[in-house]
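Walk me through this chain, from its overall layout down to a few individual residues. Start with what counts as a touch, then build outward.

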Amino acid sequence: MNALIIDDNKIARTTIRQLAGKAGDIDVVAECADAMSAYKLLQSKRVDLLLLDIEMPGMSGLELTQNLGDKRPIII
């Protein structure tokens, strides 16, 4: 399962990547520090899972999910 980590906190992204690596079937394909970068990335890259922070500067995680349309990945 291809995953994208989206969090404005570098330590949180590192911790989430480590935990996802222990799951075995999750391949973290990218990390984004903000929702707008993630939105742009998702226009060209398909992922199955978003590991998403809700409160971020600029676009929030909830706003990102609203802009993804019908083809949303699984969101945690």
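Contact here means heavy atoms within 4.5 Å. Hold on to that cut-off, and remember that this is a predicted model. By that rule, which residues does Ile-6 touch, not counting residues up to four places away in sequence? They are Cys-32, Asp-34, Ala-35, Ala-38, Leu-50, Leu-51, Leu-52, Asp-53, Met-56 and Leu-64. The list is a useful guide to what follows.

Step back to the whole chain. Its secondary structure comes to three helices and four strands. Along the sequence they follow the pattern β-α-β-α-β-α-β. The C-alpha atoms fill a box of roughly 30 × 25 × 20 Å along the principal axes. Is the chain compact or extended by its radius of gyration? A compact globule of 76 residues would have a radius of gyration near 11 Å, and the chain has 11 Å, so the two agree. Of the 76 residues, 36% count as buried. Take contacts between residues at least 6 apart in sequence: 64% of them join residues at least 24 apart.

Now the sheet. Strands of a sheet pair through backbone hydrogen bonds, either parallel or antiparallel. In this model the four strands form an open sheet with the order β2-β1-β3-β4, and the pairing is parallel. The edge strands are β2 and β4 (74–75), each of which pairs on one side only.

Strand β1 covers residues 2–6. Four of its five residues are buried, which leaves the strand mostly covered. On one side, β1 pairs with β2 (residues 27–32) in the parallel sense, over five bridges. Two facing pairs show the register. Asn-2 stands opposite Asp-27 in β2, and Ile-6 stands opposite Cys-32 in β2. Cys-32 is also among the residues that Ile-6 touches. Strand β1 also runs parallel to β3 (residues 49–52), joined by four bridges. Here Ala-3 stands opposite Leu-49 in β3.

Next come the helices. Helix α1 (residues 10–23) links up with β1 and β2 in a right-handed β-α-β unit. It lies across β1, β2 and β3, and runs at about 170° to β2. Helix α2 (residues 35–42) also lies across β1, β2 and β3. Its angle to β1 is about 155°.

What fills the interior? In soluble globular proteins, nonpolar side chains tend to be buried together. The largest nonpolar core in this chain has 14 residues. Which of them have the most contacts inside it? They are Leu-4, Ile-6, Ala-38, Leu-42, Leu-50, Leu-52 and Leu-64. The elements that give two or more residues to this core are β1, β2, α2 and β3. Helix α2 supplies the largest share, three residues. A second, separate core has six residues, including Ala-3, Val-28, Leu-49 and Leu-51.

The two cores bring the sheet pairings back into view. Ala-3 and Leu-49, both in the second core, are the residues that stand opposite each other across β1 and β3. Ile-6 belongs to the largest core, yet its contacts include Leu-51, which sits in the second one. In a regular strand the side chains alternate between the two faces of the sheet.

Two partly exposed residues round out the tour. Ala-33 lies in the loop between β2 and α2. Is Ala-33 buried or exposed? It is partly exposed, because its relative accessible area is 36%, and partly exposed means between 20% and 50%. Leaving out residues up to four places away in sequence, Ala-33 touches Asp-7, Asp-8, Arg-13 and Met-56. Met-56 is also on the contact list of Ile-6. From Ala-33 to Gln-66 the chain runs 33 residues, and their C-alpha atoms are separated by 18 Å.

The other is Asn-67, found in helix α3 (residues 61–67). Asn-67 has a relative accessible area of 42%, so it too is partly exposed. Asn-67 touches Tyr-39 and Met-59, again not counting residues up to four places away in sequence. Asn-67 and Tyr-39 are 28 residues apart in sequence, but 8.1 Å apart in space, C-alpha to C-alpha.

How values were computed
Residues numbered from 1 in each chain as written. Predicted model: local features only at pLDDT ≥ 70, side-chain atom pairs only at ≥ 80, totals over all residues. Heavy atoms only, no water. Buried < 20%, exposed > 50% of the residue type's maximum accessible area, 1.4 Å probe, protein only. Pairing = 2+ DSSP bridges. Right-handed = clockwise from strand over helix to strand, strands pointing away. Axes fitted to C-alpha atoms, helices over the stretch in contact; angles between N-to-C directions. Core = buried A, V, L, I, M, F, W, Y, C linked by side-chain atoms within 4.5 Å. Rg over C-alpha atoms; globule rule 2.2 N^0.38 Å.
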